[in-house]
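Q: I would like a close look at one part of a structure, with the cut-offs for each term. Please begin with one pair of residues and go on from there.

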Amino acid sequence: MSSKALDYESLNENVKKVQYAVRGELYLRASELEKEGKKIIFTNVGNPHALGQKPLTFPRQVVALCQAPFLLDDSNVSLLFPADAIARAKHYLSYTSGGLGAYSDSRGLLEIRKEVADFIGRRDGYPSDPELIYLTDGASKGVMQLLNAIIRGEGDGILVPVPQYPLYSAAIALFGGSFVPYYLEETANWGLSAADLGQSVAQARAKGITVRAMVIINPGNPTGQCLSEANLRDVLQFCYQENLVLLGDEVYQQNIYQDERPFISAKKVLMDMGGPISRELQLVSFHTVSKGYWGECGQRGGYFEMTNIPSRSVEEIYKVASISLSPNVPAQIFMGLMVNPPKPGDISYDQFVRESKGILESLRRRARIMTDGFNSCMNVVCNFTEGAMYSFPQIRLPPRAIEDAKKAGKAADVFYCLKLLEATGISTVPGSGFGQKEGVFHLRTTILPAEEDMLEIMESFKKFNNEFMEQYEDHPGYPRM
Amino acid sequence: MDPTPLTVDTINPKVLKCEYAVRGEVVTIAQRLQQELKDKPGSHPFDEILYCNIGNPQSLGQLPITFFREVLALCDHPSLLDKSETSGLFSVDSIERAWKILDQIPGRATGAYSHSQGISGLRDAIASGIEARDGFPSDPNDIFLTDGASPAVHMMMQLLIRSESDGILCPIPQYPLYSASIALHGGTLVPYYLDEATGWGLEVSELKKQLDSAKSNGVSVRALVVINPGNPTGQVLSEENQRQIVEFCKKEGLVLLADEVYQENIYVPEKQFHSFKKVARSMGYGQEDIALVSFQSVSKGYYGECGKRGGYMEVTGFAANIREQIYKVSSVNLCSNISGQILASLVMNPPKIGDESYQSYCAERDGILSSLARRAKILEDAFNSLEGVTCNKAEGAMYLFPRIRLPRKAIKAAGAANTAPDAFYCKRLLNATGVVVVPGSGFGQVPETWHFRCTILPQEDKIPAVASRLTEFHKGFMDEFRD
C-alpha cells in the first residue's frame, strides 16, 4: 500500500533532477569505507573544523554565556570567562526579548543587522541599510530564497559560472528553472569575459529562455580565482545592459591568498560606478560564518544584502522569510561577532588576532603547498588557489583509463576519484560535480587538512597518480601537459 | 528590453500567492505602534504591546530548562570541560551529558557540518526517546534533523507536489505553514473542515467527502496533514479517531503527515498524546502498510526553544529510492545547525530519575505545564464570558481560537475599510489594548464565521490584565456596533 502512496515514479521530477556531488557518490562511498575501518581524509567539503581547525575562542565564550545566562549571575563567572566576553554576551542578550530561545524578527535581530550594515559600510565606504539585510540559516538558504523568488518556470534562466558550486545547479533544478552556463577560462586563470557572457545569453535566448539573473562566486568555488575590479565592472555593466539581477556569492571574502587582487565587493564597485547604474542595477550579496577564518559551518549563519530591489519585491521576500519564522539566534550572534570582532584594547583582542592570523597564514601556505604539489605531477595542471578553500587541478587521463571508466559505467573523473579514495583514503569531489569543458577532467579537494599532514597527503596522492598513470599510460615517460 | 528583473510583476507567482498571517498585517501594525510607544510614551491607551500572535514562549518571559542550556553551553564551548572551575558552575549530569554528546561528534567539532541527516549518535538518542515514548522501535536512519520542523514540512511538500494537480488534504482551521508551503510549491490545498460544534472534531466522513470531491475535480490527492494537538484549534485526538485516520490513509493510499510539535502540551487529564506511529504500529501496521512522516520540534512543549531552530522528521514506510531523494535534498543544505540537533536529542532524552538534575528539571517542566494549563483555562473562560463569543477548550498546544459573532454593522464597517471582518476586529483590538492576535482568516474557517487566534503565553501575572482589557474592549466594540 505504501508503494501506492508514494512511489518513485510519482515524485516531483524536479527533485529527481537535483544533483549535489559534494555529498554524492564519492562521499557516500567514503562514508562506507570509513564504517569498515578505513582512515578517510574528507576533503570533499569546505568544513574546516572537521579537519582540526579550532574554533576561535572569543565567539564561543560569548555564545556559551548567551546560551546559559544564569552563568552571568554567578560571581564565579569571571574565573571562566574574560570580562569582554561577559560584556558582549550581556549586550547581545539585551537585543533579544527572551534570549536565544525566542524567535527573533524574521529578518534577524535588528541590532545585529545594524552591526552587519556597519561592517559593510566600513568595508566598502558606502552606507548599508539594515532593513535590506536579512540574516539566514546559512548563506545557502538565502540563495535558495532568492532563486525561488526569481524563477517562475523553465522559461527562466540563471547564468551560472562553470565550474560552479553545485548549490546553484541544484537549486535551479529544484525550482524548475534553466541553468545557463558561462564558462570560466582555465588557461586564463579561470577568467571570465563579457564576450563569453554575451554568447551564453544569446544562446539561451535563442532557445526561448528569459535570462533573469547572473551568479558570480568571488572568490571562486571550486576555482578560487579572485575577480579584479575591472572584471567586476564588466560584470555589473553586462547585468545592467541585459537586465539581470546580479547574485554575488562572496562567502569566501576573507579567504584571500595573494596580494595582487584583494577582495572587493560587487556592491563597492557598483557604487563606485555612480549613477544611473548604481541606483538601478539589482544586486543581492551573500556572506556566511561558515568560511573565512571562522569556519563555523555547523552554526548555519549567513546573510544577504539587497541593493536596488524594489520595495514591493522586498515585501514578498520578507513574507517568505516570515514563513520560516526566524533564523537561528545563536548563529545570528556569531554573525554579529564576525562583523564586529574584538578591537585593539579589548582583553581578548590579542588572542583573537593571534588565532585569526594563524589560521589565515596557514591557509595561504597550504594553498601554495597543494598547488605546487599538484603541478609537480606531469599529468596535472593546477591554477593557484588565489582565494576560497579549494584546489581544482586538471588531470589528464589516458584514453585507456577513460575506456575502463566507461566500462565501469562511470565518468572518467569519478572513476579516477573512486580509485584515489580506495588507494589513499582521500575523499575528493570529481570535477563533473562542478561542471567542466567536455573531455577535460578535474577534481576538487580542499586545502583544509592540517598543515602538518599536507606533505604526506600530497605524497600519497602523487604515489597513487603515478601508479594510475603507469597502469594506463601507453607511453611511459609521458610528456608534461 | 525585458522588464526590470525582480519586480512584483516578474517575481515567481507562487511567492505572490502564498500568505502567512502569523507575521502578517496586524503584526506589522503592532510593530509600528510599539515604535510609537517607544518614541512617545503615553501616545496610546496602553503601556505595552502584548504579542499574542505567535507561539514564542520565551519572548514573553518563559524561562528555558536549565539542564538543556547547561549542556548546550558546554557543547558550544567545550574547552570549559577542561577547566576545574566548571564543576562549580554546572551540574554533574550536564557535564556528563556534554561529554557523551561531544564524544559522538567527530573531533568534538560542534562547528563542523555534520551528516546531512544529523549527527548519528544524536539520532540514536532520539530514536531511543521515540521508542521509550511509544513502545515501538525507531530507526535512527529514518530520522532527518532540520532547522525547526518547518523546513522538514517544506521538504515533504517539495517531494510530493509535482503540479497544481497534486493536492494535500489540510485541516481547516490550520497552521498556515501548510497553506503557504503548498502554494509555494505550486500544489492545491484540499481542505477538510474540523467541526467546531464538537470540540473541533475530525470526522473521517468529512475526509472522504473532500477527497472524493477533489478527485472528481481532477486533483490527485497525495497526503493528509493532521496537526495533533491542533493548531490553532488545540484539540487532542482520541486514539479511536487516530485509528480511523490511519485506516483511511492506508485505504486511500495517502502519505500521513503528522505534525506533532505540541506533543508535550496537553492540559486536560482525560486526554493523552499518542503518536501516529504508535497508533499505526499498535494496529499491526508496519513500514509496508503506511507511509507516515512525523514532525517534532524544540520550539514548543515546555522547552519553548523557538530561536534555536531545532526539529526533526521521522520518515517511515518509504521505499529506499525515495529516502535517497530525501537525503539528496537534505544534502544540498549540508546539515541543520548543530546546537539545534543537540537540543532535539535532549528534548527526546531529558534527565531521568536518579540524575542530579532530575528534580529541578521536573520542577521547571511541571511548573511551566501547569501554568500553561491554568492560563488556557482563564483565557478560555474570559472569552466565553464575552457577548457573542464562544471558545472551545484548549486541550493542548498553545492557543485559543474563539469564535466571534460580529454584528452586521461591524461587518459593514469592515467592508467600508476594505478589511475582512475578523481583521477589522483584531486591528481595533490592537489599537485599543495593545494586544496582538491573528485574524481567523489567516488559518481558514467556515465561510461567514469569524475567529481570531490568541496565544496562552503571556506570563501568568499578566493574564488578568489581558482578560480585563479584552473584556473592556469587546464591550465597547459591541456597544458601538450592536444591531
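What separates Glu13(A) and Lys16(A) in helix α2 of chain A, counted in residues and in helical turns?

A: Glu13(A) and Lys16(A) are separated by about one helical turn, because they are 3 residues apart in helix α2 (residues 13–17) of chain A. Helices here are DSSP runs of H or I with at least four residues, strands are runs of E with at least two, and both are numbered from the N terminus. The side chains of Glu13(A) and Lys16(A) form a salt bridge with N and O 3.0 Å apart. The term salt bridge requires a side-chain nitrogen of Lys or Arg within 4 Å of a carboxyl oxygen of Asp or Glu. Over all chains, this rule gives 55 salt bridges.

This is a predicted model, in which local features need pLDDT of at least 70 and side-chain atom pairs count only at pLDDT 80 or more, while totals for chains, interfaces and linings use all residues. Residues are numbered from 1 along each chain as its sequence is written, chains are lettered from A and ligands numbered from 1 in the order in which they are written, and side-chain values use heavy atoms, leaving out hydrogens and water. The model has an ipTM of 0.96 and a pTM of 0.96. For chain B the mean pLDDT (the predictor's confidence in each residue, from 0 to 100) is 96, with 99% of residues at 70 or more.

The rest concerns chain B. An unreviewed UniProt entry lists residues 105–464 of chain B as "domain: Aminotransferase class I/classII large"; such annotations may be inferred rather than shown by experiment. That stretch of chain B, residues 105–464, is 40% helix and 16% strand, and its end C-alpha atoms are 47 Å apart.

A separate division, from an automatic or database domain assignment, splits chain B into domain 1 (13–61 + 367–481) and domain 2 (113–347). Their C-alpha centres lie 28 Å apart. Contact (heavy atoms within 4.5 Å) involves 36 residues of domain 1 and 39 of domain 2 of chain B. Buried area is the accessible area (1.4 Å probe) that two parts lose on being put together, summed over both; for these two domains of chain B it is about 2,900 Å², 58% of it on carbon and sulfur atoms. There is 1 salt bridge between the domains. Glu395(B) and Lys271(B) form a salt bridge, at 2.9 Å from N to O.

Turning to the other chain, 97 residues of chain B and 97 residues of chain A are in contact. Together the chains bury about 7,800 Å², 58% of it on carbon and sulfur atoms. Leu6(B), Arg23(B) and Tyr113(B) supply 10% of the area that chain B buries against chain A, more than any other three residues. Between chain B and chain A the rule again finds 1 salt bridge. Asp147(B) pairs with Lys141(A) in a salt bridge whose closest N and O atoms are 3.0 Å apart. Helices giving two or more residues to the side of chain B that touches chain A include α1, α3 (66–76), α7 (149–160) and α12 (320–332) of chain B. The largest share of that side, 8 residues, comes from α12(B).
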